[in-house]
Amino acid sequence: MIDLKSLTLESARTSVQEREITAAALAEAFYKEIESGDRDIHAFLTLSKERALAQAHGMDLIADRGDPLPPLGGVPVAIKDVMNTQGVRTTAGSRILESYIAPYDATAVARLEAAGAVILGKLNCDEFAMGSSNENSAYGAVRNPRDLERVPGGSSGGSAAAVAAGMAVATLGSDTGGSIRQPAAFCGVVGMMPTYGRVSRYGLIAFASSLDHIGPLTRTVKDAALMLKTIAGKDPMDATSAETPVPDYIAELEEPVRGLKVGIPKEYFAEGLAPEVRAAVEDAIQLLAKAGCEIVPISLPNTKYAIPTYYVVATAEASSNLARFDGVRYGLRANAGEAKTLKEMYKLTREQGFGPEVKRRIMLGTYVLSAGYYDAYYLKAQRVRTLLARDFDSAFQQVDAMVTPATPTTAFKLGEKNDDPLSMYLNDIYTVTADLVGIPGISVPCQRPSDPLPIGVQILGRHFDESTVLRLAHTIEYSRG
Amino acid sequence: MKITREVVDYVAELAHLALSESERTGMERDLNSILGYIDTLNELETTGVAPMAQVASRGTEAAGESLRADERRPSLGHGAAMGNAPQTDGTFFKVPKVIER
């Protein structure tokens, strides 16, 4: 029988193509695994069985005829619940969208399905993707499949946990400050954030529009490359999606890394980095050196200002984006009996519909945009964002890519950081700058065999140079065996 | 302390949030703590540095270059657009009365 935990996109498609298993039976096998395994983990919020089985049936007809399946034909995947799926409940992890049925598909979802993927369901996440532990979901926390006492990371916690636990071959997540790479590191899977504009955000429920990215979480780097190839490219429905041509990431994976200059930013190895994470990341750097990369010490001097910049820019944009949730057009509406005026209805709806972290960020964002504080906070943060971008511009004059830890520590325990929002925010210290600057990044597992928990090494590259990032990640993955 | 109880109430009003008493207390504490951290940005001299609102504005792709042609095309149908309305008469969204007369 097929081992669900070791399937890749390619091996899953091949088993369906060669009729080792039907796409329908493969989907059913995953649903059975979800039914038992997800009781403890809670990665899924909604299952889209009808849609999945209809798609699987279509793929089976193709395979039965002996025709070649599309690239992801019959492969079971799942989607973070911040992306619209037509006819399927889409909650963003929030009470305010508890009964929202999306009327259209996000482009990334539509492209996966057009490539033959079978969409099993929607994945738990922090409410509106705001969080680093998945504990901010209105539907309850996700647990880390590697250790159920620990968080899977966030906000794409369900997306990482589902892949780690063998409840989907690959998933989509979203990354605004580290929300793909940090949970990937915590759960021991691959998580890729593409360049800003590489993947259409049409149908993504917006958190911070200048920072939001959609990307894949997978078991292997090659799977990340194939998922990215499938969802990337210009979309007329998203003006911020880029015209830049999408290369063949799979073909470019095998190109040698010898001679590539890899920067090691010293600010990412300073105080606060757990010793076991440092050791594992240094091992990964050694693997690249052995493969012929030139390791170059570099500096990104403004690194420590990235988190405060992020919490101004992201919350300002969030306060504006989340203004649409007012109980008028969709989602929860506070009981008409309580609200006598329109404004009272807005306020009560939002009070009842949003959780504590979302309210905190809306309040902070509203404050930094308010009269008298706009220049001191919002404009100031935008200027510092320019300085952060310049750090990377000058570093990329010297190097082709950078290698850093993905997170300062391994997965922490549930409840451990709940009381102090600031200490939770510091979890994103190594991931957040790439979102602000718009460059691609990946987290790949790199823990030593003796490490009890997964550790992720992060590779960052130039704008639209996902190929180099994937190639280096593939080299690390391959060299570890 | 930058954020007093009055500021919390004022911002909550701007943000259309009807915060409870305990939420207001928590918000005062948390916002002060986070803003204290954000104030580290003032260590940096940024006079003459252009603000960055978008990644695209820094030349990775010229802003506006990727706008699609402004042509008429079908949009989401009325039925689908109204499908999630909490309260509707079938044509419009219904809300509490806005103008008293």
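In this predicted model, A:Thr14 turns up in helix H1 of chain A, which covers residues 9-17. A:Thr14 counts as partly exposed because 15 other C-beta atoms lie within 10 Å, a count that falls between the 12 or fewer of an exposed residue and the 20 or more of a buried one. Along the chain, A:Thr14 and A:Gly74 are 60 residues apart, yet their C-alpha atoms are separated by 9.2 Å.

Next comes the sheet. Chain A has an open sheet of 11 strands with mixed pairing, and reading across it gives the order E1-E3-E2-E4-E6-E5-E10-E11-E9-E7-E8. At the edges sit strand E1 (44-47) and strand E8 (294-298) of chain A, each of them pairing on one side only. From one strand to the next, the twist averages 25 degrees. Inside this arrangement, strand E2 (residues 76-80) and strand E3 (residues 118-123) of chain A run in the parallel sense and pair over four bridges. As for individual residues, A:Lys80 stands opposite A:Leu123 in E3(A). Helix H2 of chain A, made up of residues 23-41, packs on the sheet and touches E1, E2 and E3 of chain A. The direction of H2 makes about 20 degrees with that of E3(A).

As for the interior, the largest nonpolar core takes in 160 residues, and A:Val77, A:Val118, A:Leu120 and A:Ala168 have the most contacts inside it. Helix H10 (residues 306-321) of chain A gives the most to this core, namely nine residues. A:Val77 offers a good look at the packing: with neighbours within four places in sequence left aside, its contacts include A:Leu112, A:Ala117, A:Val118, A:Ile119 and A:Leu120. A:Val77 also touches A:Ala168, A:Val169, A:Ala170 and A:Thr171. Apart from the largest core lies another one, of five residues, among them A:Ala334, A:Ala339, A:Met345 and A:Tyr346.

Finally, there is the meeting of the two chains. Here 60 residues of chain A are in contact with 46 residues of chain B. On the side of chain A that touches chain B, at least two residues each come from H10, helix H11 (342-353), helix H12 (356-369), helix H13 (374-398) and helix H14 (421-425) of chain A. H13(A) gives the most to that side, with 11 residues. Sorted by class, the side of chain A that touches chain B has 32 nonpolar, 15 polar and 13 charged residues.

Conventions
Residues are numbered from 1 along each chain as its sequence is written. Chains are lettered from A and ligands numbered from 1 in the order in which they are written. This is a predicted model: local features need pLDDT of at least 70, side-chain atom pairs count only at pLDDT 80 or more; totals for chains, interfaces and linings use all residues. A nonpolar core is a set of buried Ala, Val, Leu, Ile, Met, Phe, Trp, Tyr and Cys residues joined through C-beta atoms within 7 Å. Two residues are in contact if their C-beta atoms, placed from the backbone, lie within 7 Å. Ala, Val, Leu, Ile, Met, Phe, Trp, Tyr, Cys and Pro count as nonpolar, Asp, Glu, Lys and Arg as charged, and the others, Gly among them, as polar. Two strands pair if DSSP finds at least two bridges between them. Axes are lines fitted to C-alpha atoms, for helices over the stretch in contact, and angles run from 0 to 180 degrees between N-to-C directions.
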